[in-house]
Amino acid sequence: MEKNFIKVRTIKDIIISLSLIITGAVISFAFNGIGVVFGGYLLIILGIVLAFVLKRAYKESESGVLYLKRELSFQQKMKPTIIAALKSEPNTINISENGNGQDLRLGIFYSKSTQKAYIQLLEYIPFQYSPCTSMGEYEIAQIKNLIK
């Protein structure tokens with residue numbers, strides 16, 4: 001199963017950018033102090049930069065559903081355990097081992113609105129992560145331990 005996820009803006013990202021721009025504009029035009037006006041201009045610039053940079057959601061190209069992403073990293077020795085857990089019960093993956101290594105990366109794309117998640121294990125081979133497993137589809141209830 002091949003899934004293509006594209007990084008997109010959420011409503012929350014747009015609201016953050018717009019609120020910074022509007023706050024900066026109000027501050028720079030409502031007050032007379034040069035420092036306050038300069039701070040307002042900085043908020044406007046920050047809002048514009050964030051409008052281009054801030055993208056926290058992923059859109060599945062086929063269905064158009066928005067997904068959030070969580071990545072967990074593990075040591076190489078966990079590979080057989082994780083692969084076995086993905087085949088049977090992904091909730092049994094020991095997330096306390098997360099962050100102990102950078103050899104394996106577990107990419108989790110989940111959507112609470114559709115109650116679906118896609119998980120893929122990637123292995124670091126110098127200069128890139130290569131897939132160890134295919135993209136698996138799960139219900140949110142099966143992976144609730146992984147997306148806390």
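Here are four short exercises with worked solutions on the structure above.

This is a predicted model, where local features need pLDDT of at least 70, side-chain atom pairs count only at pLDDT 80 or more, and totals for chains, interfaces and linings use all residues. Residues are numbered from 1 along each chain as its sequence is written, and side-chain values use heavy atoms, with hydrogens and water left out.

**Exercise 1. Find which strand ties Lys79 and Lys116 into the fold.**

Step 1. Start with the rule: a salt bridge is a side-chain nitrogen of Lys or Arg within 4 Å of a carboxyl oxygen of Asp or Glu. Searching the whole structure with it turns up five salt bridges.

Step 2. Take Lys79, whose side chain meets that of Glu123 at 3.2 Å, N to O. Lys79 sits in helix 3 (residues 79-87) and Glu123 in strand 5, so this pair ties together parts 44 residues apart in sequence. Helices (H or I, at least four residues) and strands (E, at least two) are DSSP runs, numbered from the N terminus.

Step 3. Now Lys116, whose partner is Glu137, at 2.9 Å from N to O. Glu137 belongs to strand 7 (residues 136-139) and Lys116 to strand 5, so the two tie together parts 21 residues apart in sequence. Strand 5 it is, then, for Glu123 and for Lys116.

**Exercise 2. Sort Glu123, Lys79, Glu137 and Lys116 into buried or partly exposed.**

Step 1. Get the cut-offs: buried means under 20% relative accessible area, exposed over 50%, and partly exposed in between (1.4 Å probe, protein chains only).

Step 2. Glu123 has 18%, so Glu123 is buried. Its partner Lys79 has 23% and counts as partly exposed.

Step 3. Glu137 comes out at 35%, partly exposed, and Lys116 at 29%, also partly exposed.

Step 4. Look across from Glu123: Ser130 in strand 6 stands opposite. Strand 5 and strand 6 (residues 128-131) run antiparallel and are joined by four bridges; two strands pair if DSSP finds at least two bridges between them. They make a hairpin with two residues between them, and Phe127 in the turn has a positive phi of about 80°.

**Exercise 3. Classify the ring pairs that Tyr118 makes.**

Step 1. Rings of Phe, Tyr and Trp (its six-membered ring) pair if their centres lie within 6.5 Å; planes under 30 degrees apart are stacked, over 60 edge-to-face, and the rest tilted. The whole structure has six aromatic pairs.

Step 2. Phe5 and Tyr118 have ring centres 6.1 Å apart and planes at 55°, so call this one tilted. Phe5 is in strand 1 (residues 5-8) and Tyr118 in strand 5, 113 residues apart.

Step 3. Tyr67 and Tyr118 are edge-to-face, with 5.7 Å between centres and 65° between planes. Tyr67 lies in strand 3 and Tyr118 in strand 5, so parts 51 residues apart in sequence are tied together.

Step 4. Check burial: Phe5 is buried at 14%, Tyr118 at 4% and Tyr67 at 4%. Ring pairs link Phe5, Tyr58, Tyr67, Phe109 and Tyr118 into a cluster.

**Exercise 4. Work out which strand gives the largest share of the lining of the largest pocket.**

Step 1. On a 1 Å grid over the protein atoms alone, a pocket is an open set of points where a 1.4 Å probe fits, with protein on both sides within 12 Å along at least five of seven lines; lining residues have an atom within 4 Å of a point.

Step 2. The largest pocket is lined by 13 residues, and Phe5, Phe109, Gln120, Leu122 and Met135 lie nearest its centre. Strand 3 (66-74), strand 4 (104-111) and strand 5 (116-125) each give two or more residues to this lining.

Step 3. The largest share, three residues, comes from strand 4.
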